[in-house]
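Me: I have a model on screen and some labels to justify. Can we take them one by one?

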Amino acid sequence: MPVTPREGAAILALHLSPRLEGSSRRLLDSFVKGATGAGAKVETIHVADLNVQGCQECGGCEDDGECVNELDDMKVIYAAWEKATRIVIASPIFFYDMPSQGKAVLDRSQAFWNRRYVLGQNKEGKPGAKGFLLAVGATKGKDLFVPISLAVKYLFDAIAFPKSFPTLFFRQIETPDKLTEDQLAQSEAAGREFALS
Ligand SMILES: Cc1cc2nc3c(=O)[nH]c(=O)nc-3n(C[C@H](O)[C@H](O)[C@H](O)COP(=O)(O)O)c2cc1C
């Protein structure tokens with residue numbers, strides 16, 4: 001039976017690199033091309049365009065699931081977390097993990113963890129939610145993508161997404177020009193598959 005695009009599948013593409021035109025951006029653009037080609041609508045957010053401060057660990061969000069810091073751009077991400085049922089996270093590897101700009105977004109998502117695990121909201125998980133992790137690093141270490149996979153796993157759990165999700169990883173890419181047509185095609189195919197899943 002032919003596979004047809006999920007009608008109006010909406011995907012949030014969250015890009016964690018401080019480099020707006022780097023390797024992860026190129027891979028994400030291919031992923032998005034595949035997804036939109038399959039009929040999905042994609043909203044892309046570049047964390048580099050936002051000012052997101054770190055978590056102050058004040059405990060304020062334990063009371064109502066809301067962050068006390070309303071002055072920076074994390075409100076854009078909170079709104080996106082609430083709306084999204086499909087999320088692709090695209091990131092480079094910095095010191096075996098994600099860049100600090102992305103880590104700030106994860107830490108501030110503690111507000112959502114508290115909604116779920118302190119306030120008892122979204123206990124059953126968000127219906128139909130699916131995540132995807134796309135990551136790229138310059139070296140070839142066996143465990144290069146282990147820390148980011150764990151961090152994203154627990155981010156997805158906090159925002160009531162499944163803790164297991166497909167991934168696509170690329171090693172030995174220092175600069176975007178090192179990406180081959182085949183690697184970009186792999187990313188495009190993954191985007192198509194994600195949109196159709
Ligand atoms: C601060 C910093 C730390 C990095 N740490 C690692 C690392 O631990 N392992 C690795 O394989 N690559 C590391 N890299 C290389 C990047 O992951 C690589 O150049 C990647 O292609 C950058 O993607 P981007 O252009 O999307 O930011 C690091 C780069 C920077 C700037």
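Reply: Start with a cut-off. A residue is buried if 20 or more other C-beta atoms lie within 10 Å of its own, exposed if 12 or fewer, and partly exposed in between. Keep in mind that this is a predicted model.

Me: Why is Glu193 called partly exposed?

Reply: Glu193 has 16 other C-beta atoms within 10 Å. Buried needs 20 or more, and exposed needs 12 or fewer. The count lies in between, so Glu193 is partly exposed.

Me: Where does Glu193 sit, and what is the C-alpha separation from Ala38?

Reply: Glu193 belongs to helix H7, residues 181-196. Its C-alpha atom is 8.2 Å from that of Ala38, although the two are 155 residues apart along the chain.

Me: What makes H1 oblique to H7?

Reply: Two packed helices are described by the angle between their axes and the distance between the axes. Here the axes of H1 and H7 come within 6 Å and cross at roughly 40 degrees. Under 35 degrees would count as roughly parallel, and 65 to 115 as roughly perpendicular. The angle fits neither range, so H1 is oblique to H7. The crossing of H1 past H7 is right-handed.

Me: Which residues meet there, and how do they divide by character?

Reply: On the H1 side, they include Leu27, Phe31 and Val32. On the H7 side, they include Leu184, Ala190 and Phe194. The contact of H1 with H7 divides into nine nonpolar, five polar and four charged residues.

Me: What is notable about phi of Tyr96?

Reply: Most residues other than glycine have a negative phi. Tyr96 has a positive phi, near 65 degrees. This residue lies in the loop between strand S3 (86-92) and helix H4 (100-108).

Me: Why does Tyr96 count as partly exposed?

Reply: Tyr96 has 14 C-beta neighbours inside 10 Å. Exposed stops at 12 and buried starts at 20, so Tyr96 is partly exposed.

Me: And what makes Asn122 partly exposed?

Reply: Asn122 has 18 C-beta neighbours inside 10 Å. Buried needs 20 or more, so Asn122 stays partly exposed. Asn122 also has a positive phi, near 50 degrees. Its place is the loop between helix H5 (110-117) and strand S4 (130-136).

Me: Which residues come nearest to the ligand, and which helix gives the largest share of the shell?

Reply: Gly22, Ser24, Pro92, Gly137 and Thr139 come nearest, out of 18 residues around the ligand. Helix H1 (residues 23-37) gives the largest share, three residues. The shell divides into nine nonpolar, six polar and three charged residues.

Conventions
Residues are numbered from 1 along each chain as its sequence is written. This is a predicted model: local features need pLDDT of at least 70, side-chain atom pairs count only at pLDDT 80 or more; totals for chains, interfaces and linings use all residues. A residue is near a molecule or strand if its C-beta atom, placed from the backbone, lies within 6 Å of it. Helices (H or I, at least four residues) and strands (E, at least two) are DSSP runs, numbered from the N terminus. Ala, Val, Leu, Ile, Met, Phe, Trp, Tyr, Cys and Pro count as nonpolar, Asp, Glu, Lys and Arg as charged, and the others, Gly among them, as polar. Axes are lines fitted to C-alpha atoms, for helices over the stretch in contact, and angles run from 0 to 180 degrees between N-to-C directions. Angles under 35 degrees count as roughly parallel, over 145 as roughly antiparallel, 65 to 115 as roughly perpendicular and the rest as oblique. A crossing is left-handed if the near helix is turned anticlockwise from the far one by less than a right angle, and right-handed if clockwise. Two residues are in contact if their C-beta atoms, placed from the backbone, lie within 7 Å.
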